[in-house]
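Trainee: I should like to work through some local features of this model, beginning with its charged pairs. May I put my questions one at a time?

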Amino acid sequence: MFQQVLGGISGSVLIDFTDHFTKNYPHRTRHISAKMLDKYVREGPMIRGPKFLARLRSHTVFEHTPVKLFCTVDGFPMPIVKCCSTDDTAQYTVVAGNNHGQASSQASIIVKSKSFYLIVVSDVIHYTKINITFLEKFGPVFATEGESASLTATMTLTPNLANLQPEAQWYRDDTRLFDSKWVKIETGRGVTTLTLPNLFKDDEGLYTLRMVTKGGTAEHSAFVSVSDGPPPVPGAPGAPMDIKIHDANRDYVIVSWKPPNTTTEGPILGYFVDKCEVGTENWTQCNDHPIKICKYPVSGLFEGHSYYFRVRAVNSHGISKPSRMSDPIAALDPTEFAKLHAIKLGGKIDVVSYHDEVEGDVAEGKPPGAPSGINASETDRTYVVLSWKAPAYSSKAPMWYYIEKCLADTGAWQRVNTQVPIRSPRYAVFDLAEGKQYKFRVVSANMYGNSEPSEPTGPIETQELKGVPSAPGQVISTRETDTSVLIQWAPPKEPNNLIGYYIDQCVKGSKDWTSANHKPHKSTKFVVSGLTKGETYVFRVQAINELGLSDESQESAPLTVKAALTIPSSPYDIGLLNCDGHSMVLNWKKPLHTGGAKIKEYYVDKRRSGTTMWREVHIPPLTERLYKVEGLTEGAVYQFHVYAANLAGLGTASKQSADFTCEAWTMPEPGPAYNLTFTEVRDNSLVVEWQKPVYAGSGPITGYHVEYAKKGTSEWTTANQTAVSHRFFKVTGLEANTSYIFRVRGVNAAGVGMASMPSDPVYAKAVAGFQEVSCGVDEKSGDIVMSFESCQMNEGSQFIWKKDYKEITDFSKGVVIKTEGSHSKLIFKNADKEDFGTYSVSVTNTEGVSSSYKISAEELAKMLALSYDIRHPIIPLKSELAYKILERGRMRFWLQAEEISSNEIGIRLVYHRMGHDVSTGIIEFIMDHFTEENEGTFTCQITDGGGKAQSSLVLIGDGKRGQVLRQNTFSLKTTGVYKATISDDRGKDMSQINISGKGKHIFRASAAELVINCTATGIQLQCHMKYYTSEMNITWYHGETKLSHSDKAVIGGTPSMATMEVIEPMEKDKGMYSIMITDPENTHKRKLDLSGDGQYLLTLICSLFQYRGKVVGGLPDVVTIMEKKTLSLTCTVCGDPKPQVSWLKNGADVEPDDQYVVSLDQGKFASLTIKGVTMEDSGRYTMIVQNKYGGESVDIVVSVTAVYHKLLDLLRAVKCF
């Protein structure tokens, strides 16, 4: 009997054909299933007739025995297969035919009688296929350490034969499980159960049950989560896990483990390793101090004894519970069995002994030969495991080995094991320096002497501690089920011996992070189970190595746990963008409903107009909504339809396109634009964007016209009478609550081109609760910030920032996008004058939430000036620098600031330190003896955090003492008559001045001539004014060019002085400088010639760059030093006259004492020596070098690290011992 099974592109004549076809041609089966058998085929087979992929084969069988004839047929349309024969013993023929031809295959069947043959009956059970159906399945388990858990599955077997029961195999993360102390497995009568009687975090993982039969397997999986149990001390870490024993030998083993997750606990400070001899319950600690890496060599074991090991973690709160103990391990020589020697005595009797117990031909009394083949089988940071080949040796005298080492670049050999002889050709050399290269050699020895050393190894470098891994890359979360989410991430760029990953989860907005797994996960994919349906979560990942955990990755986008995804709806509005007579360029609109996931692929089918058979035009799927269909027949008429696919599968086909005739386009005007999108929809306006036409016509496209019409009408209105050159346009004048459709036409020299396909209707109504983009300058950082708060946020919503409606992708110039929840910021860290333009933002997966902001060049200039002021703040002063004459020739200088934030401020008056009072803001200095030599200009400079202030006082005269009333800021309100009265025991006198409105010319005329001063960074022009009014306006000029505040020209001053500083003057900075002082009535001008012919510029530049105090070199930027060491900061300085040197720590003066020693040797070598540094000595140190021509400062960051033994003190302080 024959059964015919055909489909799509191939068919077979076969009993049970479907199983065979699926097994041997899975790609064809999936293709047919995905594309609907009765509609979709590949392009290749469409022009081929029937073809036998597997032909019939002849058979010889006994009579009354069933026989199967098998063949596979390929072809389209579906071949019609006919089978025919004349007798049981005959030739059988299969004929397959369609409208492209036919093919046939033949086979013969020869039937033999059983009477001519000896039939052997075997007791072997022949193949029987058993179908397994799970009735009850185990689900995810969430338990805690110390609890128990059971996984049970029930099933039915068809047929259920007693002697053909399937085998139940249990796996944890692809590792087969067997009955043990930790796992119990029971199977029978359609039920299998796995029990974990005492859970540890080692038991966490994906558990899989595989029911194995000869006909295949049936399997089911679920995740078992095991969280940390209650810690012994609140805040203590969880227990380590996965204890492994490596390189066991006579007296040592190497123990490794994996670190616990520390989502809510403090960081791990180290680990303790414990051992226990088998047969006892006495656990002893192996290391005195916590070790920071997850590997430790345990030495001092007794040969032949077996041990258990466990590990405990330590943090600042205490010590964790111990891990699950390891499997027992025996301290034995791994090469012991290789020394056994067997001698046959005849028959089946053997005598087994060691080589050194057998008489040999070598005479007694000789030392052994040299070992050979020495190599490093394992290398770590502080140890190397060596192995070598023992020499030929048959003496009864015991033989042992000595190991010698030396640094690779020296020849100084040092014996390693001077106390304990080594008997096995394998040994771990400990206490090596990290990151160093060593050479090793081995000497064999017995009671008669030592051999020659073996050939030394090549340089063997110990590993260097590289630190924890870098943070994993982008984390992507996708829906899995109603209660689980699939997490994927990019591996860290610096894995550094990566062990695995920890995944954390958090309900959006709560910041309450919990561990999704408690055992390191090895792959970059993980299914987080046990989530709440409808809740929104974010996820992050940490990488782990033997040193600990990396920084957290960036958080994933928020994801709402929902039901499984659905397939997308169909694309629509297929349009023709270009045709050259042999190909067509198509475009279509994306589906209205994506099925809850991003559209990943598109498939395009074609057919001739008037036919019914659709044919796929490409094998690989498309990712863009633009495709060029090639290989078309000129003059033919075609129709197309399109499918969309997402993670859930293939959607339905679109409506067929209009008839497109394959004729080359030759018109001179442009073709249609496409992909019209809309943003910033408001009640009366919107912004439309589009893509340029594929067909440009006879010349380049010079502009575009936007047209619109009310929905349901054909009256098109041109929104812009003048074509726009860019591909966006804001349409205004719309009616609120009205639907419009839009289209775009390209323009070139030949005229206006074809219109784009009309857009979908757009409803002119603003989104409820929308907000516009705001722009300003951050008051703390001085950054220019554009901020937007979205009124809608959905799953997968993202903020897209654009400049002039082109997405911002270049972040090299200090542009930063920060998004938190529904709030997004576009930050300009280093804005410049070229950053003006229109900035827009849109939020995906919303109802068109978007906005824009236009920054003009004028507004940008104002914000840049404000940004500079914020980044270079000025401390407000209540009073300028003043003086008071005290008794015995002493002089008090003082001023008062509005507010001083802390005691850590810098205050300097010439070369003198000044005291200050934070509560009152008063800063003062007492000069014991004021003489004529002290006359001059006194300047007080104040620094407080980022703020600065300066005040000057001129004390030059004939030595007369007096009092000064200073009114630095005048206005119309301060005009009038001012009187001064002086009196003592001899009488009094009075003087007055009339500062009335009639004398306002005195104010502006009081401006002194320009003078020049040298600063640490350049030259400063100063104009001193006795009087100043708020009506005055001051402007600086270089020649005829008006100067504005910039990094090159710093304009500033005080109420009594206007200043303009030229930073690092150059040749081009020569010329005439002037200051214009204007008020509503008049203008006054002061000039200063700094041309090449004058002497000022050349003299000052010479002073500034040749004679000012400078640091020649010698100081580092950063210094790291251990506690209790002596730090010496030394450098070379220069200047004429010899500069003075002062030191600051965190902005405060360094007071020399027994610990801090400041010296300046020969006026050239400056140094600061700190004896016995402590953690408190860490900070930023500043050296200031200055003379009368100026100076400069240098910053050094000093970091003092704690010595290792302080960790023990810390643990004792928190009562860990």
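Trainee: Is E735 buried, partly exposed or exposed in this predicted model?

Mentor: The relative accessibility of E735 is 42%. Buried would require a value under 20% and exposed a value over 50%. E735 therefore counts as partly exposed.

Trainee: Which residue forms a salt bridge with E735, and how far apart are the closest N and O atoms?

Mentor: The pair links distant parts of the chain, 25 residues apart. E735 sits in the loop between β56 (728-731) and β57 (739-748), whereas its partner belongs to strand β54 (residues 703-710). That partner is partly exposed, with a relative accessible area of 33%. The salt bridge is formed with K710, and the closest N and O atoms are 3.1 Å apart.

Trainee: How many salt bridges does the structure hold?

Mentor: A pair qualifies when a side-chain nitrogen of Lys or Arg is within 4 Å of a carboxyl oxygen of Asp or Glu. E735 and K710 form one such pair, and R172, D203 and R324 are linked in a network of salt bridges. The number held by the structure is 33.

Trainee: What distance separates the closest N and O atoms of K201 and D228, and which parts does the pair tie together?

Mentor: K201 lies in the loop between β15 (191-196) and β16 (205-213), and D228 in the loop between β17 (216-227) and β18, so the salt bridge ties together parts that are 27 residues apart in sequence. K201 is buried at 0% relative accessible area, while D228 is partly exposed at 23%. The closest N and O atoms are separated by 2.6 Å.

Trainee: What is the relative accessible area of each residue in the salt bridge between R210 and E219?

Mentor: The closest N and O atoms of R210 and E219 are 3.3 Å apart. Both R210 and E219 count as partly exposed. The value for R210 is 24%, and that for E219 is 47%.

Trainee: Turning to the backbone, what is the phi of D247, and is the residue buried or exposed?

Mentor: Most residues other than glycine have a negative phi. D247, found in the loop between β18 (241-246) and β19 (252-258), has a positive phi near 55°. Its relative accessibility is 12%, and a value under 20% means buried, so D247 is buried.

Trainee: Where is D573, and how accessible is the residue?

Mentor: D573 also has a positive phi, near 55°, in a residue other than glycine. Its place is in strand β44 (residues 572-579). At 33% relative accessibility, D573 counts as partly exposed.

Trainee: Which residues does the cis peptide bond with omega of about 5° join?

Mentor: Most peptide bonds are trans. The bond in question involves P1137, which lies in the loop between β88 (1127-1134) and β89 (1140-1145). The residues joined by the cis bond are D1136 and P1137.

Trainee: Which backbone oxygen lies 2.9 Å from a polar atom of the side chain of N315?

Mentor: N315 is placed in strand β23 (residues 306-315) and counts as buried, at 0% relative accessibility. N315 and P290 are 25 residues apart in sequence, with their C-alpha atoms 9.9 Å apart in space. The backbone oxygen at 2.9 Å from the side chain of N315 belongs to G235.

How values were computed. Residues numbered from 1 in each chain as written. Predicted model: local features only at pLDDT ≥ 70, side-chain atom pairs only at ≥ 80, totals over all residues. Heavy atoms only, no water. Helix = DSSP H or I, 4+ residues; strand = E, 2+ residues; numbered from the N terminus. Buried < 20%, exposed > 50% of the residue type's maximum accessible area, 1.4 Å probe, protein only. Polar contact = N/O pair within 3.5 Å; in protein donor to acceptor, adjacent residues only side chain to side chain.
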